[in-house]
Amino acid sequence: MKTILITGGAGFIGSNFVHHILDTYPDYRVKVLDKLTYAGNLDNLRDVMDDDRFTFIKGDICDKALLKEAAEDVDYIVNFAAETHVDRSILDSEAFIRTDVLGTYTLLETVRELNIERFVQISTDEVYGSITEGSFKEDAPLNPSSPYAASKAGADMLVNAYWVTYRLPVIITRSSNNYGPYQYPEKLIPLFITNALEDKPLPLYGDGMNVRDWLYVKDNCEAIDLVLHKGEPGRIYNIGGDNERTNIEITRKILAILGKPESLIRYVTDRKGHDRRYSIDSTRIHNLGWHPRTDFDTALEDTVHWYVENRWWWERVKSGEFQRFYKEYYKM
Ligand code: NAD
Ligand code: TYD
């Protein structure tokens, strides 16, 4: 029996990971510690709330005393807690520096004081920056473009320093762009699905030719599970979907699945500092025994259908804080 503390477990990937762990390991206990920012949502966890193996703690990863209490009896910590949206970091990056950098530091200090077997830091391919050709390996220099990516790179540097200095049992995962159920509709795929369902314009930045490598969230959860149990301390693991697509291709696919017209596409002013292409080399985790299992077209269709069938979930989210951000950022 193991106990995992999952910080940021009420967000998109974190809540999918909670479901994955409880479904895969009947004898594991899961504790979620989450601040419930605009992106945190207890609806994401509503079907595990009554599970005896599950506990929820509302709190901030910058709160050292709370972290120490929450982590006292746990074997593993997996940290998903972060401010995560590039566009919000362009408007105001203070919360990014606080949570992503100071929060990760506070977690590392907690791991240093307690007897934690393993700490997994969930990072992103965005720390490497943009690449025109080829793919970044884990030892590539960090070259973040946005305040979001810079805050995640800062956290990665700290995690690595705690490995080098204290030999803490830490691991970093850097995944590519995730998609799937429970993703906050500020990100490309859920924003475009839900806007299309409401017959609202889909704001495509620049020429729509930026490239992202799309990874189904459930594949990422399997990879994180593998790294948590079998990864080597002190190592970084890239987790890519091997599935690079332009934004316009994604947009057209979503509209085709929903049977909506391409006239909904609205080309808008490009994002400031917009990275052209992300690409990572995932050979290291392939050698550990993981490959993405999901076919993109099937998983995108499943994802679109999830949003079609779970209007209650995203209509509630879109009627709240989302409105303020959307109006301020998109001016539409
Ligand atoms: P999300 O924005 O959906 O959720 C973040 C969660 O963290 C929310 O539940 C929020 O309430 C919580 N949180 C924020 N600040 C906190 C704090 N100070 N203390 C405690 N909880 C706090 O994010 P996501 O998309 O699920 O991303 C999870 C992690 O994966 C992040 O670290 C992100 O950088 C990384 N990542 C995401 C993607 C992606 O495509 N979504 C890709 C690569 C890496
Ligand atoms: P996003 O989902 O914000 O992820 P990230 O920027 O972290 O990769 O955006 C994915 C891509 O989609 C990125 O190239 C920006 C683009 N995009 C748009 O064109 N319009 C939008 O409204 C959003 C949110 C993103």
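Guide: Before we look at the ligands, one convention is needed: Ala, Val, Leu, Ile, Met, Phe, Trp, Tyr, Cys and Pro count as nonpolar, Asp, Glu, Lys and Arg as charged, and the others, Gly among them, as polar. Please also keep in mind that the structure above is a predicted model.

Visitor: With those classes, how do the residues of the shell around ligand 2 divide?

Guide: The shell around ligand 2 has 9 nonpolar, 5 polar and 6 charged residues. Altogether 20 residues surround this ligand, and the closest are Glu126, Pro203, Arg212, Arg271 and His274.

Visitor: Which side chains have an N or O atom beside an oxygen atom of ligand 2, and at what distance?

Guide: A pair of N or O atoms is read as a polar contact if the two lie within 3.5 Å. In the side chain of Glu126, such an atom is 2.5 Å from an oxygen atom of ligand 2, and for the side chain of Arg212 the distance is 2.7 Å. Tyr330 also takes part, with a polar side-chain atom 2.8 Å from an oxygen atom of the ligand.

Visitor: How much of ligand 2 does the protein bury?

Guide: One first takes the ligand alone, which exposes 500 Å², and then finds that the protein buries 97% of that area. As for where the shell comes from, helix 3 (86-91), helix 6 (188-197) and strand 8 (202-205) are the elements that give two or more residues to it.

Visitor: How many residues surround ligand 1, and which are the closest?

Guide: There are 29 residues around ligand 1, and Ile13, Asp34, Thr84, Tyr148 and Lys152 are the closest. By class, this shell holds 11 nonpolar, 14 polar and 4 charged residues. Asp34 places a polar side-chain atom 2.6 Å from an oxygen atom of ligand 1, whereas Asn178 has a polar backbone atom 2.8 Å from an oxygen atom of that ligand. Taken alone, ligand 1 exposes 830 Å², of which the protein buries 97%.

Visitor: Which elements give two or more residues to the shell around ligand 1?

Guide: They are helix 1 (12-24), strand 5 (118-124), helix 5 (147-166) and strand 7 (177-179), and strand 5 gives the most, with 3 residues.

Visitor: Strand 5 must sit in a sheet; in what order do the strands of that sheet run?

Guide: This open sheet has 7 strands in the order 3-2-1-4-5-6-10, with parallel pairing. Its edges are strand 3 (54-58) and strand 10 (236-239), each of which pairs on one side only, and the twist averages 20° from one strand to the next. Within the sheet, strand 1 (3-7) and strand 4 (76-79) are joined over 4 bridges, and Ile4 stands opposite Tyr76 of strand 4. Helix 2 (64-71) lies across strand 1, strand 2 (29-34), strand 3 and strand 4, at about 170° to strand 2.

Visitor: And where does strand 7 belong, and how is it paired?

Guide: Strand 7 belongs to an open sheet of 3 strands in the order 7-9-11, where the pairing is mixed. Its edge strands are strand 7 and strand 11 (244-246), and the twist averages 50° from one strand to the next. Strand 7 and strand 9 (211-216) run parallel and are joined by 3 bridges; here Asn178 has Leu215 of strand 9 as its bridge partner. Helix 10 (296-309) lies across strand 7, strand 9 and strand 11, running at about 55° to strand 7.

Methods: Residues are numbered from 1 along each chain as its sequence is written. Chains are lettered from A and ligands numbered from 1 in the order in which they are written. This is a predicted model: local features need pLDDT of at least 70, side-chain atom pairs count only at pLDDT 80 or more; totals for chains, interfaces and linings use all residues. Side-chain values use heavy atoms; hydrogens and water are left out. A residue is near a molecule or strand if one of its heavy atoms lies within 4 Å of it. A polar contact is a pair of N or O atoms within 3.5 Å; within protein, one must be able to donate a hydrogen and the other to accept it, and residues adjacent in sequence count only if both atoms are side-chain atoms. Accessible areas come from the Shrake-Rupley method with a 1.4 Å probe; for residues, only the protein chains shown count as cover. Two strands pair if DSSP finds at least two bridges between them. Axes are lines fitted to C-alpha atoms, for helices over the stretch in contact, and angles run from 0 to 180 degrees between N-to-C directions. Contact means heavy atoms within 4.5 Å.
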